[in-house]
Amino acid sequence: MEKVEMKTKVLNENQRLAEELRERFRSHGVLVLNFISSPGSGKTELLERTLSSLPTTTKVAVLTGDIQTDNDARRLARYGFPVRQITTGGTCHLDGRMINRGLGELAELGSTLENLDILLIENIGNLVCPASYDLGEESKIVLLSVTEGEDKPLKYPSIFHKASLFLMTKIDLLPYVPFNADAAEANARTVHPAMEVIRCSSTAAGGLDTWIAWLEKKMKAAREAALTTANR
Amino acid sequence: MHELSLAQSIIEIIEHEMKSRPGARAEAIGLRIGALAAVDAEALRFGFEASIKDTPLDGMRLDINITEAERQCLMCDHRYKLTALDTPCPQCGSSDAIPLGGDELDIEYLEVDDGKS
């Protein structure tokens with residue numbers, strides 16, 4: 001009997017692909033964000049508002065994942081930016097291979113990394129599985145709406161541990177639901193002490209400007225980092 | 001339920017490793033799963049056993065070692081294990097800390113029977 005030391009990651013193949021993607025995104029100065037939440041927290045709605053709020057000069061593309069249907073891609077395509085649907089046919093998360101394929105399809109629409117500022121990836125509605133798969137993104141963004149439980153960060157710690165921004169959505173409903181927003185923030189910081197939090201609503205006034213400002217700051221940082229690397 | 005996908009990734013890694021050992025039999029695989037990895041060990045075991053049934057790997061043992069996440073205190077630099085999500089620093093009581101790991105999903109070893117004693 002021989003015991004072979006392995007020291008390899010179970011997801012080493014996905015990790016290798018994700019690192020390759022990250023390197024490509026970074027060298028082109030493209031900000032890539034991976035949006036993760038339960039079904040119904042408002043990912044698509046937030047992306048719609050984001051697409052309609054960004055300056056028209058911003059070069060943005062969207063990859064949106066669903067188990068079935070291309071409804072989200074059709075909703076998002078109305079804003080005139082390139083959108084591709086990734087239909088997983090049962091798989092509960094997106095992985096690096098699917099992103100690679102999605103990039104190929106975006107390129108067919110004329111949207112390549114050379115002419116993009118930002119790529120928004122809407123993951124499958126699921127707070128568990130997408131947390132395990134690196135897509136080469138710069139940041140994972142977790143959404144939690146005020147119609148859900150404020151203890152979700154404690155119930156699903158992995159995604160709150162890995163996300164760098166927590167978007168608390170649907171805050172216009174706060175007067176009508178028993179959700180304690182401060183407790184939700186505190187729960188998120190219990191899991192992830194340095195978590196950034198933005199409270200926003202996609203359908204009423206409040207917070208969306210803060211979110212767009214966050215996005216523009218990150219886009220600028222991605223562009224500058226790519227220039228610095230190129231000039232070195 | 002991504003444990004079935006994970007089980008398949010583990011099997012691919014084992015099969016790749018066994019290619020260089022013709023005639024040998026894989027007896028066991030050792031995994032290390034962090035407490036924050038979002039992996040259900042029993043679901044993974046179920047997915048693994050179902051996937052290797054009636055294959056050359058049928059009967060393999062899956063050893064799972066679950067490790068606690070750690071944090072490093074930002075106030076006093078003390079490094080401590082996270083026994084619960086809200087564990088404060090046992091040395092100074094602060095909750096400001098940097099997470100260290102806890103999301104591992106690693107293969108540590110493979111036990112192979114190569115027919116030699």
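Which strands make up the open sheet of four, and in what order? I looked that up first and found β1(A)-β6(B)-β1(B)-β2(B), with mixed pairing. I noted the rules: helices (H or I, at least four residues) and strands (E, at least two) are DSSP runs numbered from the N terminus, and two strands pair if DSSP finds at least two bridges between them.

Ground rules for this notebook: this is a predicted model, where local features need pLDDT of at least 70, side-chain atom pairs count only at pLDDT 80 or more, and totals for chains, interfaces and linings use all residues. Residues are numbered from 1 along each chain as its sequence is written, while chains are lettered from A and ligands numbered from 1 in the order in which they are written.

**The four-stranded sheet**

I checked its edges next. β1 of chain A and β2 (61-67) of chain B stand there, each with a single partner strand, so one side of each has no neighbour in the sheet. The twist averages 20° from one strand to the next; angles run from 0 to 180 degrees between N-to-C directions, and axes are lines fitted to C-alpha atoms, for helices over the stretch in contact.

Then I looked at how the chains join here. Strand β1 (residues 2-9) of chain A runs antiparallel to β6(B), and six bridges connect them. E5(A) sits opposite Y109(B), and T8(A) is opposite I107(B).

**Where chain B touches chain A**

I counted 30 residues from chain B and 28 residues from chain A in the contact (C-beta atoms, placed from the backbone, within 7 Å). On the chain B side, α1 (3-19), β5 (97-100) and β6 (105-113) each give two or more residues. β6(B) gives the most, with nine residues. By class, I got 15 nonpolar, five polar and ten charged residues on that side. For the classes, Ala, Val, Leu, Ile, Met, Phe, Trp, Tyr, Cys and Pro count as nonpolar, Asp, Glu, Lys and Arg as charged, and the others, Gly among them, as polar.

**Chain B by itself**

I read the pattern α-β-α-β-β-β-β-β along chain B, which comes to two helices and six strands. Its C-alpha trace spans about 55 × 35 × 20 Å along the principal axes. Of its 117 residues, 29% are buried (20 or more other C-beta atoms within 10 Å of a residue's own; exposed is 12 or fewer, partly exposed in between; C-beta atoms are placed from the backbone).

I also found a second open sheet, of three strands, in the order β4-β3-β5 (chain B) with antiparallel pairing. β4 (79-81) and β5 are its edges, each with a single partner strand, so one side of each is left without a neighbour. Here the twist averages 30° from one strand to the next. Three bridges join β3 (residues 70-73) to β4(B), and R71(B) has Y80(B) as its bridge partner.

**Core and helices**

Which residues touch the most other members of the largest nonpolar core? I found L119(A), L120(A), I121(A), V142(A) and I10(B), in a core of 82 residues. Such a core is a set of buried Ala, Val, Leu, Ile, Met, Phe, Trp, Tyr and Cys residues joined through C-beta atoms within 7 Å.

Last, I checked two helices of chain A: α1 (residues 12-27) and α4 (residues 96-108) pack at about 40°, with axes 8 Å apart. The residues of their contact divide into four nonpolar, three polar and one charged.

Definitions and conventions
Two residues are in contact if their C-beta atoms, placed from the backbone, lie within 7 Å.
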